[in-house]
Amino acid sequence: MTEVAAAADVLQCLFVDNQLLAEGPLYQHGWLYWVDIKGLALHRLQLATAEHQQRHVPEQITSISPRQKGGFVVTTRTGFGFIDDFSAPLHSLGTVEPALPDNRFNDAKVDPLGNLWAGTMDDLEKTPSGSLYRLTPEHQWQVFDTGYIVTNGPTFAPDGRRLYHNDSVHKQIFVFDLDASGISNKRVFAQLGVDHGHPDGMTVDAQGCLWVCEYAGWGISRFDPDGKFMAKLALPVANVTSCTFGGDQLETLYITTAAKGLTAAELAGQPLAGSIFAAAVGVQGIQGAVFLG
Ligand code: BGC
Ligand code: CA
């Protein structure tokens with residue numbers, strides 16, 4: 001692939017709002033779901049009709065993933081939980097880090113074995129108190145890595161044998177070997193430089209390349225499976241938080257963004273900050289996995 005331009009025919013804004021921290025896009029049966037972590041809201045948009053629904057949630061929901069039993073497995077500020085459908089109440093599995101009240105969950109994704117991988121972070125973004133957890137189908141959780149200020153973007157190679165994970169503050173993308181016992185052999189996949197923002201949410205395409213959203217980076221970068229930068233999709237907003245492939249053929253990249261922390265002047269320069277975008281990037285994604293518990 002050569003350079004992807006932010007031409008109007010490539011990029012489309014689907015939902016205009018200065019959401020504080022839209023995250024966790026999920027495509028399912030023609031709907032795009034996402035969360036606004038700081039806005040305490042869960043959203044969904046029917047792509048064919050543009051019907052939009054929104055619900056308030058009493059505790060921050062930070063990610064939403066499909067569950068085999070129906071409904072969704074979610075991460076909340078303090079732990080894991082389930083919702084049976086879009087408007088159902090939350091069933092919580094309990095508090096994961098009771099001794100770390102400034103921590104919260106952030107990004108999460110299901111691996112091809114049906115486990116949910118989810119990271120915590122210091123909500124003040126100062127202390128390396130964040131960890132990467134695995135929640136098994138038996139509802140047991142365990143820490144597999146720690147020492148992060150802001151965790152982000154667990155995602156998996158198409159063959160299910162690698163987990164990618166971000167240290168957003170230090171602009172590092174790590175790769176681990178993944179199997180039924182967990183992750184091992186942590187190494188740096190890419191260290192982003194001054195011409196990139198902070199690696200945030202990410203996804204893989206059918207060619208095994210990584211699409212990495214850049215917070216404060218005005219776009220999404222594509223890396224090959226060896227960690228080599230390939231191209232950047234430019235967006236008209238600075239804080240790009242997460243992306244996922246969707247559509248019948250998984251041919252569209254759906255993108256969340258954030259308006260939190262912007263000054264009035266910055267917001268005037270990027271009035272679409274916090275909006276939801278779609279991009280026809282010319283590559284297909286892979287079908288996401290379903291939580292088996
Ligand atoms: C977090 C934000 C954070 C950002 C920075 C996001 O995933 O939810 O709170 O500011 O990453 O990289
Ligand atoms: Ca994120």
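Is Asn-152 buried or exposed? Asn-152 is buried, with a relative accessible area of 2%. The model is predicted. Two topics follow: a calcium site and an open sheet.

**Calcium site**

- The calcium ion (ligand 2) has protein donors from Glu-23, Asn-152 and Asp-200.
- Glu-23 is listed twice, each time through OE. Asn-152 gives OD1, and Asp-200 gives OD.
- These donors lie 2.2 to 2.6 Å from the calcium ion.
- Along the sequence, the donor residues follow the spacing E-x128-N-x47-D.
- Glu-23 sits in strand β2 (residues 22-28), and Asn-152 sits in strand β14 (residues 151-156), so this pair ties together parts that are 129 residues apart in sequence.

**Burial of two donors**

- Glu-23 has 3% relative accessibility, so Glu-23 counts as buried. The cut-off for buried is under 20% relative accessible area.
- Asn-152 is buried too, at 2%.

**The open sheet**

- An open sheet is built from 4 strands, in the order β6-β7-β8-β9. The pairing is antiparallel.
- The edge strands are β6 (61-66) and β9 (90-95). Each of these pairs on one side only.
- From one strand to the next, the twist averages 25°.

**Inside the sheet: β7 and β8**

- Strand β7 covers residues 72-76, and strand β8 covers residues 79-83.
- β7 and β8 pair in the antiparallel sense over 4 bridges.
- Which residue in β8 stands opposite Val-73? The residue opposite Val-73 is Phe-82.

Note on methods. Residues are numbered from 1 along each chain as its sequence is written. Chains are lettered from A and ligands numbered from 1 in the order in which they are written. This is a predicted model: local features need pLDDT of at least 70, side-chain atom pairs count only at pLDDT 80 or more; totals for chains, interfaces and linings use all residues. Side-chain values use heavy atoms; hydrogens and water are left out. Donors are N, O and S atoms within 2.8 Å of the metal (3.2 Å for Na, K and Ca); water is not among the atoms, so sites may look incomplete. Helices (H or I, at least four residues) and strands (E, at least two) are DSSP runs, numbered from the N terminus. Buried means under 20% relative accessible area, exposed over 50%, partly exposed in between (1.4 Å probe, protein chains only). Two strands pair if DSSP finds at least two bridges between them. Axes are lines fitted to C-alpha atoms, for helices over the stretch in contact, and angles run from 0 to 180 degrees between N-to-C directions.
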